[in-house]
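Work through the exercises below with the sequence and the model open. Each task is followed by a solution in steps.

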Amino acid sequence: MTENPAPELPIPAGRITILQLAAVVGVATVLAVAQDIFVPLAIAMLITFALAPVVTFLRRQGLPLLVTVLAVVSLAFALIGAVALVFGVELGSLAQNLPAFQANILAKVQALKAAGGGSSLVAQLSDMISAINAQIGAALPASGTAPMAVEVVQPTNALDVVQGLVLPLIGPAASTGLVIVLVIFMLLERETLRDRFIRLVGSNDLHRTTQVLQEAGSRVATYLLIQLLVNTVYALPIGLGLWLIGVPNAALWGLLTLILRFVPFIGSALAAAFPLFLAFAVSPDWSAVLWTLALFGAVELITSNVVEPWLYGSRTGLSPLAIIVAALVWTFLWGPLGLVLSTPLTVCLVVLGRHVPQFGLFDILLGDEPMLAPHARLYQRLLVGDALEASFSAEEALETMALADYHQDILIPALLLAQDDLDRGVLTTAQEERLALVASAMAAELTEETTAPTGPVVAVVGGRSAIDDVAALILAQNLTAEGAVAQARGHLDLAPSRLALLDLPGCACLILTFLDRNATRASLLHLRRLKRAAPGLRVGVVILQMPQGLHDAESGLRHFPPVPAAKLDEALDLGADFAVTTLESATQAAFDQSPAKPVPPRVAPRPRRLIPGETR
């Protein structure tokens, strides 16, 4: 007979395995080795995403699919070709004018050295500019009086000439033509490609797969089109301003700015570097440099603070750090072209990871949504003793929610996580004390405007531990906000020698607070002792539990069952006037004017059973 094997436990959602990491490394290696294949595919896919809304709009007007696709693709690549033509013409004009700038460069280098004295920074900057000037002079002689180099040229046939002229152009031309053909057929067969992708990835879950395609297409198309619009709005005043300042080839720098702005974060700085150098070279003084710097600074401020927030209706879904890391990775794989394509390609990966569990690591590593629930994040801050960050997160949350809601939905659940770790023995005494200290300090700072107290006098006491004392402080704040005169006391004040500090005769109600859902009977016996010390006092207990809306699937944490009904009944049997599980119900019970229950009778101890042979 053989035993049945133990069932394999499923891997939690979002857990990164070695197999997944190996698959990512393998795919990255294939992308790097076969970039001649995948780069045209990636470019064609992104252009298809950008043109698809235009094709859809024209199709809704009743135009045939083939005519619409050919017209849109022809117009798009005609614009790209026109931009490339202007770029080439301006670049050639710049190359012819470079020798004329050498005199100004030399004069400014001399002025920098004279003004800088012995400064090493100025000396290094001057040497760098001199080196650039020397390279310009070596590449393009300033006058025709220089000696002409003599070179012996071997006779060549027509085939060699054709190979020298045509072969270097075949690669770029073929890649461009391939991209155009791919875009045409991708637009023509969008529906077929979508069906094939659904069949390949998940035909059993059509809703999820369709959602992936819709969100990926929407995000990438929105990013590309709005980024193009933003870059155009950015480049037009740059080109016009450079022309007014007198920087040569202003149209070239405007087009270059439009292209480089697709590079995340550093695109604007790269676009400004070339015009600044030319302004330095062409102007006999420093006015052109200062005007150029002011132009880029003003346009960048307006674009970043006005234009982009207004035009971007939705986020890309990437965190800022993920954009930088993705730019580094794609640049390593595909060079400068990968840098330009990094953001839209990474958006596709994040959308895929958000809806397909097998690719969830991309959403975890690159997405902009928080991976931990607010209460789990707060517990992590409290656990490491980061009082400043915990207070900042609390203040940020209180901008959109009331203090009582923050207590119930974030702070109390964070303390329940601490109680769970304490029950499992993984939270040390030192960690518990530090967490309680930080949480108490943070909770004491969370106050809101209250009216003059008109309610009952309530004492709120921690039931058993230091984190119970924090829960007592939180409940006291809620009672104060509702108009009660509430005072929070620590669990050590339940000792017989310190019972007088609670001022029981002056209280209308006393509440013991617990975070442990299985509070021991010994800790609940304080109820009976308190009732005997003040017979007319209403004494209640609140055993806090995790709110129902917080599930373990949301934050990757274990499931927290509710407080057992038997434990609440036990508290009532020991003399509690009420036994509840939430801050709201405890607040309502504290304002209840019902008379206190009588002191429960002392239960006689059971007679001890005799051991055989023993006499009483």
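Buried means under 20% relative accessible area, exposed means over 50%, and partly exposed lies in between. The model is predicted.

**Exercise 1. Describe the protein chain as a whole.**

Solution.
- Step 1: The secondary structure consists of 24 helices and five strands.
- Step 2: Of the 616 residues in the chain, 39% are buried.
- Step 3: The accessible surface is about 34,900 Å², and carbon and sulfur atoms account for 66% of that area.
- Step 4: Among contacts with a separation of 6 or more, 75% are between residues 24 or more positions apart.

**Exercise 2. Classify the two partners of the salt bridge between D421 and R424 as buried, partly exposed or exposed.**

Solution.
- Step 1: The side chains of D421 and R424 meet with an N to O distance of 2.5 Å. Side chains of opposite charge can pair when their charged atoms come close.
- Step 2: D421 has 12% relative accessibility, so D421 counts as buried.
- Step 3: R424 has 45% relative accessibility and therefore counts as partly exposed.
- Step 4: The pair also belongs to a network of salt bridges that links D420, D421 and R424.

**Exercise 3. Locate the salt bridges of K531 and R538 along the chain, and state how far each partner is buried.**

Solution.
- Step 1: K531 pairs with D577, with the closest N and O atoms 2.9 Å apart. This pair links distant parts of the chain, 46 residues apart: K531 lies in helix α21 (residues 526–533), and D577 lies in the loop between α23 (565–573) and β5 (578–580).
- Step 2: Both K531 and D577 are buried.
- Step 3: R538 pairs with D592, with the closest N and O atoms 3.9 Å apart. Here R538 is in strand β4 (residues 538–543) and D592 is in the segment after α24 (583–590), 54 residues apart.
- Step 4: R538 counts as buried because its relative accessibility is 8%, whereas D592, at 36%, counts as partly exposed.
- Step 5: In total, the structure holds 10 salt bridges.

**Exercise 4. Explain why β4 is described as largely enclosed, and find its neighbours.**

Solution.
- Step 1: Six of the six residues of β4 are buried, so the strand is largely enclosed by the rest of the structure.
- Step 2: In a regular strand the side chains alternate between the two faces of the sheet.
- Step 3: One side of β4 carries R538, G540 and V542, the other V539, V541 and I543; all are buried, and both faces are covered.
- Step 4: Strand β3 (residues 509–514) pairs with β4 in the parallel sense over six bridges, and T513 stands opposite V542.
- Step 5: β4 and β5 also run parallel, joined by three bridges. In β5, V580 is the bridge partner of V542.

**Exercise 5. Trace the chain from β1 to β2 and give the handedness of the crossover.**

Solution.
- Step 1: Strands β1 (residues 457–462) and β2 (residues 485–489) run parallel and are joined by five bridges.
- Step 2: V457 stands opposite V485 in β2.
- Step 3: From β1 the chain passes through helix α19 (residues 466–481) to β2, giving a right-handed β-α-β crossover.

**Exercise 6. Which residues form a nonpolar surface patch together with W243, and is W243 buried or exposed?**

Solution.
- Step 1: L240 and L244 form the patch with W243, and together the residues have about 400 Å² of accessible area.
- Step 2: W243 is found in helix α8 (residues 206–245).
- Step 3: The relative accessibility of W243 is 60%, so W243 counts as exposed.

Technical notes:
Residues numbered from 1 in each chain as written. Predicted model: local features only at pLDDT ≥ 70, side-chain atom pairs only at ≥ 80, totals over all residues. Heavy atoms only, no water. Patch = residues over 30% accessible without salt bridge, like charges linked within 9 Å, V, L, I, M, F, W, Y side chains within 5 Å. Areas by Shrake-Rupley, 256 points an atom, 1.4 Å probe, with all protein chains shown as cover. Salt bridge = Lys/Arg side-chain N within 4 Å of Asp/Glu carboxyl O. Helix = DSSP H or I, 4+ residues; strand = E, 2+ residues; numbered from the N terminus. Buried < 20%, exposed > 50% of the residue type's maximum accessible area, 1.4 Å probe, protein only. Pairing = 2+ DSSP bridges. Right-handed = clockwise from strand over helix to strand, strands pointing away. Contact = heavy atoms within 4.5 Å.
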